[in-house]
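Dear colleague,

I am passing on to you the structure we talked about, with the sequence alongside. Please open it first, and then read my notes on what was found in it.

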Amino acid sequence: MTTKKEQRRLKIKFRIRKSVNGTTERPRLSVFRSNKQIYAQVINDLTGTTLVSASSAGLEKMAKIEQAKKVGVLIAEKAVAAGIEKVVFDRNGYLYHGRVQALAEGAREGGLKF
């Protein structure tokens, strides 16, 4: 059962994905936000592989925005360790606000450039 809100997000997501593609030089940092957790993964779209990933599952209980910022720092640390410094940010149809924005800021603080 899909709601109008989900359908709207999917339309935005497909519109964004027309222009945002991850390459070997600049992989795509994709964000998924559920009601309880937030997930991020760095994807090479040419080969269809996930290079690194991180999530808020397993982090200590704190405010959701703080969790998102920690996930951003964690994904940045893993990406830099894997030799990735530049990425393309894919907000996945979500508004660039709140937890998505906090994750992006945390990733920038961790050393990723986008």
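Please keep in mind throughout that this is a predicted model, and that residues are counted from 1 along the chain.

The sheet is a good place to begin. It is an open sheet of four strands in the order E3-E2-E1-E4, and the pairing within it is mixed. Strand E3, residues 49-55, and strand E4, residues 88-90, are the edge strands, each of them pairing on one side only. On average, and with direction ignored, neighbouring strands of this sheet are turned by 20 degrees against each other.

Strand E1, which covers residues 28-33, runs parallel to E4 and is joined to that strand by three bridges. Along this pairing you will find Arg28 opposite Val88 in E4, and Leu29 opposite Phe89 in E4. With E2, by contrast, E1 pairs in the antiparallel sense, over six bridges, and the two strands form a hairpin that has four residues between them. On that side of E1, Arg33 stands opposite Ile38 in E2.

Helix H3, made up of residues 99-110, lies across E1, E4 and strand E2 (38-44), and it runs at about 145 degrees to E1.

Which residues touch the most other members of the largest nonpolar core? That core has 22 residues, and the ones in question are Leu29, Val42, Ile75, Phe89, Leu103 and Leu112. Two or more residues come to this core from each of E1, E2, E3, helix H2 (64-81) and H3. Val42 may be worth displaying with its surroundings: once neighbours within four places in sequence are left aside, Val42 is in contact with Pro27, Arg28, Leu29, Thr49, Thr50, Leu51, Val52, Ile75, Ile84 and Val87.

Lys36, finally, has its place in the loop between E1 and E2. Is Lys36 buried or exposed? Its relative accessible area is 66%, and because the cut-off for exposed is over 50%, Lys36 counts as exposed. Not counting residues up to four places away in sequence, Lys36 nevertheless touches Ser56 and Gln67. Gly22 is 14 residues from Lys36 along the chain, and the C-alpha atoms of these two residues are separated by 27 Å.

With best wishes

Conventions
Predicted model: local features only at pLDDT ≥ 70, side-chain atom pairs only at ≥ 80, totals over all residues. Heavy atoms only, no water. Pairing = 2+ DSSP bridges. Axes fitted to C-alpha atoms, helices over the stretch in contact; angles between N-to-C directions. Contact = heavy atoms within 4.5 Å. Core = buried A, V, L, I, M, F, W, Y, C linked by side-chain atoms within 4.5 Å. Buried < 20%, exposed > 50% of the residue type's maximum accessible area, 1.4 Å probe, protein only.
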